[in-house]
Every structure is written in C-alpha cells, then in structure tokens.
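Open the model in your viewer and keep the selection tool ready. This tour goes from the whole chain to one residue, then to one strand.

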Amino acid sequence: MKASGNWLKRTFWIAVCLAAVLLAGVAAIIVRGPKSSQTMRLVATIGVPPAKGVVSGTDYALVHDHELYVAYSSADSLLKINPETLSVQFLARGLDGIHGVAFSGDSGLAFVSAGEVGQIVVLQMPQATLIKRIPAGIDPDGTVFDRKLNVAYAGNGGSNSATVVSANDLEHTTTISLRGSPEFPQVDEATGLIYQPLKDKNEVVIVDPVRKQVVSRFAVSPCQGPKGAAIDPVRKVLFVGCSNRMLVVMDLANGHILSSVPIGRFVDVVGWDAGLHRIYTANSAGSMTVIEQSDQGTYRVLDTVHTRAGGHTLAIDPETHRVYVICSRLRGAEILIYEPRSAS
C-alpha cells in the first residue's frame, strides 16, 4: 500500500503557496518576484515542465560534480540539471513520491527515498540504472550518505523511525526508532554520527549507525518545529532552521544552543557554504535568508533575498558558491540560480 505522507506533503506546499499570497498581498508578490540583492546576484532561472497534480511539487536537491540533482516528487522522477547549459534531464522515473537522493561516492551508487511506496531505491550512476528496491519505513524522506561508515540513512516521516542501509552489500538494513517525526538529517563525517531534527519534539537526536540506536537527545529551545539542518565540521556546530522564524546554532558535543538569528517564514532547507562562512535558509513564503559566520563564531543576517513563494529547498555548489533555490509552483517547477556578489 502506498504511504499517504507524500500526498500530505504536496498538499502542504500548495497551502504554503496560497498562504504566501494571502500574507503578502497580490501587489507585494508582484514586487517580490525573484531578483538580485545587495549580496546575491540572480544569474538564471530554469523552468521545469508541469507534472501531475495541482502543484508541481519538488523536494530535496544536491549538487554533485557541479550538476544539480532535484527530487521532482509530483513527477516521481529524479532530475539532472546542467547549470551551464540550463538543460533539464529526467534522469530516472518511476520513483514513487521521491523525496531526496544521496550519493555514495566511490561505488557510484545513488540512494533515493521513494516515500509513497516506503522504499529506498538504489541506482547505479551515471546512467541511473535500477539496482535494487529496499523496504524502508513509512514515507522515507530526508536521505544522506555516511561515508565514514559506508551506509545510507533515511528518516521515515510516517513511522518516526530511520532506515540504515549498508552500501557494502545492500543486504543489511537496520530500523532505528526515533520517537519523533524526522526532517532533514546531517552527518558528522569525522565521527559517522547522524544528527536528526525531530520537528514534533523540538529536539535534535544523535543516531549511531554502529550501535543502531539514538545515543543522545538534545532540546533545541527556543527553536520550535526544527526543520532542515546543516553542519559545520570545523567549528563542530549544527545550524537548525526553525518554524518559529529563527535559526539556532547548536554545539555538536553537548547540544547547547550557542546563538540564534531571525529568518523568513516557512523555512525548510538550510545550507552551509564553508568557503564563504555563510548559512542560507530557504523560506517557502518567498525568501532566502543569508547569514554570515564571523571568525569569532558570531552570526548576523547579511541579507534577505526575494525568491518565490514555494521556494522551500536549496542546494549549494561549494566550489562555485552558487546557490540553487528550488520552487514548487502551480504550473511547473522553477529553479533560481544565485551567485554571491563577493565570490570571485
């Protein structure tokens, strides 16, 4: 039986788009279209053909070898976008309710969370050849790859659990109880530990894939409804986007909240550019918050960039410093490409 979680998520993004219009007003939306700002230059927009349903729903994205991969949920497809030619390729289809993708690295495998069928789908890249469909929990969502331990991890949004798959043989899978609803996780590559926000518990839990359990639980107050996260492995902090319009900075060692800064409405994904010491948040009401980390470890908002309503996920190329904002829209999806004005 197909899980209902992905349909609920699509409905949510439709509501977000409509709420953004109602909150800002029609005139404000016209003014607040995607545009450049003091810190970010809008260099291109890419249109994606409409998919099934009322809204062309997208989900998580990532940059791999300077190409952008996007989960096109309403088309059950993985998209591959060439940022230079602006071409869009439907790389793999039949990925029912795709939420995200993670790459293994040396083995050339991609692990895709297919939420509607409760599976992690394994593809051999670059042709995206189907290798295996692995049962997961209900509505597997945010997916990452743990290079230190050579495992793929997906949080199951409908069953308050996580599924861990060994990339060594694709046979050994583990289900770990989270006792909360997971959003997008992050991996500490130094330790192999996984930091998982739980939006309904206002917590971040630490998952140890070796011990196959949650080893620590950290409250993230004053953060409410933690969503996306990004990790700075050098300072050993986690950036967590919160539904009450703030981003908090959490110490990986002890869970202490070190700082908080204001962000836009309806945050989903958080990104970290280590080269520029910047944090970006994709805010679905139509903005992207740009935050600067100082050498002293303090944080300040540099800019609020007007994107589009429904722009709830983003991905960063760490070498070019380009930021890709992926927008779920009523008639086809849209990808906005930004460059920092200060980048060389």
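Each stop below says what to select and what is there.

**Before you start**

This is a predicted model, so local features need pLDDT of at least 70 and side-chain atom pairs count only at pLDDT 80 or more, while totals for chains, interfaces and linings use all residues. Residues are numbered from 1 along each chain as its sequence is written, and side-chain values use heavy atoms, with hydrogens and water left out.

**Stop 1: the whole protein**

Show everything as a cartoon. The protein has two helices and 28 strands. Both kinds of element are DSSP runs, numbered from the N terminus: helices are H or I with at least four residues, strands are E with at least two.

Now switch on the surface. About 13700 Å² is exposed, and carbon and sulfur atoms supply 52% of it. Such areas come from the Shrake-Rupley method with a 1.4 Å probe; for residues, only the protein chains shown count as cover.

How many of the 344 residues count as buried? The share is 58%. Buried means under 20% relative accessible area, exposed means over 50%, and partly exposed lies in between (1.4 Å probe, protein chains only).

**Stop 2: Lys132**

Select Lys132, in strand 9 (residues 129-135). Lys132 counts as partly exposed because its relative accessibility is 26%.

Next, show its neighbours. Leaving out residues up to four places away in sequence, Lys132 touches Ile120, Val121, Val122, Leu170 and Glu171. A contact here means heavy atoms within 4.5 Å. Check Val121: its C-alpha is 6.0 Å from that of Lys132, although the two are 11 residues apart in sequence.

Which side chain makes a polar contact of 2.9 Å with the side chain of Lys132? Select Glu171 to see this partner. The Lys132 side chain also reaches the backbone oxygen of Leu170, at 2.9 Å. A polar contact is a pair of N or O atoms within 3.5 Å; within protein, one must be able to donate a hydrogen and the other to accept it, and residues adjacent in sequence count only if both atoms are side-chain atoms.

**Stop 3: strand 28**

Select residues 333-340, which form strand 28. Seven of its eight residues are buried, so strand 28 is largely enclosed by the rest of the structure.

Add strand 1 (residues 40-48), which runs antiparallel to strand 28 and is joined to it by eight bridges. Strands pair if DSSP finds at least two bridges between them. Val48 has Ala333 as its bridge partner.

Then add strand 27 (residues 323-327), paired with strand 28 in the antiparallel sense over five bridges. Here Ile326 is the bridge partner of Ile335.

Finish at Gly332. In the hairpin of strand 27 and strand 28, with five residues between the strands, Gly332 takes a positive phi near 85°.
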